[in-house]
Amino acid sequence: MRIVRIFDTTLRDGEQSPGASMNVDEKVQVARQLARLGVDVIEAGFAISSPGDFAAIQRIGSEIEGPVICSLARAKEADVRRAWEALKEAPKKRIHTFHSTSDIHLKHQFRVSREEALRRSVEMVGLARSLVEDVEFSPMDATRTDLAYLLDVIDAVIEAGASTVNIPDTVGYTTPDEFGGMIRAIKERIGDRAVISVHCHNDLGLAVANSLSAVRNGAGQIECTINGVGERAGNCSLEEVVMALRTRKDFFRADTRINTREIIRSSRLVTKITGIPVQPNKAIVGTNAFAHESGIHQDGLLKEKTTYEIISPESIGLRSAKLVMGKHSGRHAFKTRLEELGYDLAPDEIEKAFERFKRLADQKKDIFDEDIEALVSDEVSKIPEVYCLTGLSAESGMKKEPKATITMKVNGKTVRRTAKGDGPVDATYRAIEALTGTKSNLIKFEVKGITGGTDALGEVFVTLEEDGRTVRGLGADTDIIVASAKAYINALNKLAARRK
Ligand code: KIV
Ligand code: ZN
């Protein structure tokens, strides 16, 4: 079976989703999970873009074993050298350099001729190749580039040393048949001289279909992100494209090296860290993806699973919600379960999570894996805590004026305040705003129940904006007001980290 490489760009293009920025520790955690998932290449960042990206690439390159670690670089000498600096220690490294090739970009954005764009591309691929063995080149906005010129650029960069040529549909403009034709033309021109990669954006909802069409026509690498996060409408979703290939190997005659049982864990980790929830009906990782509602379907499933199930939940790592722990479970069992779930936490972090687990066990009879994962959100989110919630009591009701009293630590100092509001969440948020002296705009507030039942943990996702910066916060608790306060404070901590 032909193997298609999976190039994950969650940490680079994925991080370009509004509000999705991750700090270095968080990126290392995601990279560790990507390695477990079995991706072939991790694009760990864009080295020259910020010291944070540089540090993340450096750490991922020296700590994460398995995948090739890659840095993005514009076709500029300073970028390529910076990428090399960041990657130096990585045992398997790749420099991914790019230059626009479409007339629209060349004329309006870069104001250079086609010849000049080609010259710069060749020169920078040559420079990258003098530093590392493995060089990838992307002609940006390839799908709106004149095909004859695109083929000339591709020929020239391969000649200069690129071993992968990536064809980006930068603005999500192409369609499956058109893109397939383009990839076929490239394959006919270059044969096996380089791997053809594809990088599709989802502006028309076609990123996965376009990538699959490319595979049918000779592409050997797919660039994608967990949960399809990314610039604007996002990138090709890793879980969808991988499961399409795995499920329809018969049709595509190709597969990947992905350990699909790690998919759900990867999806949840990225949700937790970025604060971007997955829509319930999203293919593969949405909460409804395996929920059969219709009586006819349920009847068929009970008789024979394959009547209505083309993918088994277990194949993506979903266990049927099972009771894993209870009130009497000890520290050791809790730690073992965390390890089985893929969390690699420091002893003090385990201790904090265990205390929360004990409190939860007092409130909630049945504790599921999903609850445990929500409990460790605070540890997974490696944001320095300038603000920390230590107490909350809220009052509300039909004939009561809602109010909330919040106790928090602000830079280690305990403060307390009561505020009134339109409802208990509004009162809570007003009190927190006053205590922290912050002025951000709440753009979005979403609530989701984890597992069923009225005693379920609730997850709250908030999006805040301050001076043009957007961040997302996440909080989980059996008390939805407490979860709301945690999500708000998590987002405020991210803003504080960004300000620094
Ligand atoms: O979408 C795009 O064109 C990119 C390139 C940098 C590969 O992300
Ligand atoms: Zn992109």
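**Exercise 1. How many bridges join strand 7 to strand 8, and do these strands run parallel or antiparallel?**

Before we solve it, a word on the ground rules. This is a predicted model, in which local features need pLDDT of at least 70 and side-chain atom pairs count only at pLDDT 80 or more, while totals for chains, interfaces and linings use all residues. Residues are numbered from 1 along each chain as its sequence is written, chains are lettered from A and ligands numbered from 1 in the order in which they are written, and side-chain values use heavy atoms, with hydrogens and water left out.

*Solution.*
- Step 1: Find strand 7 at residues 164-169 and strand 8 at residues 195-200. Strands (E, at least two residues) and helices (H or I, at least four) are DSSP runs, numbered from the N terminus.
- Step 2: Strands 7 and 8 are joined by 6 bridges and run parallel; two strands pair if DSSP finds at least two bridges between them. Val165, for instance, has Ile196 of strand 8 as its bridge partner.
- Step 3: Follow the chain from strand 7 through helix 7 (residues 176-190) to strand 8, and you trace a right-handed β-α-β crossover. Right-handed means that, with the strands pointing away from the viewer, the path from the first strand over the helix to the second runs clockwise.

**Exercise 2. Work out what lies on the other side of strand 8, and whether its faces are covered.**

*Solution.*
- Step 1: Strand 8 also pairs in the parallel sense with strand 9 (residues 221-224), over 3 bridges. Here Ser197 has Gln221 as its bridge partner in strand 9. The route from strand 8 to strand 9 passes through helix 8 (residues 207-216), again as a right-handed β-α-β crossover.
- Step 2: Side chains in a regular strand alternate between the two faces of the sheet. In strand 8, Val195, Ser197 and His199 take one side and Ile196, Val198 and Cys200 the other, and all are buried. Buried means under 20% relative accessible area, exposed over 50%, and partly exposed in between (1.4 Å probe, protein chains only).
- Step 3: Now zoom out: 8 strands close into a barrel with parallel pairing, in the order 2-3-4-5-6-7-8-9. From one strand to the next, the twist averages 25°.

**Exercise 3. Identify the donors of the zinc ion (ligand 2).**

*Solution.*
- Step 1: Look for N, O and S atoms within 2.8 Å of the metal (3.2 Å for Na, K and Ca); water is not among the atoms, so sites may look incomplete.
- Step 2: Asp13 (OD), His199 (NE2) and His201 (NE2) coordinate the zinc ion at 2.0 to 2.1 Å.
- Step 3: Along the sequence, these donor residues are spaced D-x185-H-x1-H. His199 and His201 are both buried.

**Exercise 4. Describe the sheet made by strands 16, 17 and 18.**

*Solution.*
- Step 1: The 3 strands form an open sheet in the order 16-17-18, with antiparallel pairing. Strand 16 (441-449) and strand 18 (469-477) are its edges, each pairing on one side only.
- Step 2: Strand 17 (residues 458-466) and strand 18 are joined by 9 bridges, and Gly458 has Asp477 as its partner in strand 18.

**Exercise 5. Find what Ile167 touches.**

*Solution.*
- Step 1: Set aside its neighbours within four places in sequence, and count contacts as heavy atoms within 4.5 Å.
- Step 2: The residues in contact with Ile167 include Phe179, Met182, Ile186, Ile196 and His199.

Methods:
Axes fitted to C-alpha atoms, helices over the stretch in contact; angles between N-to-C directions.
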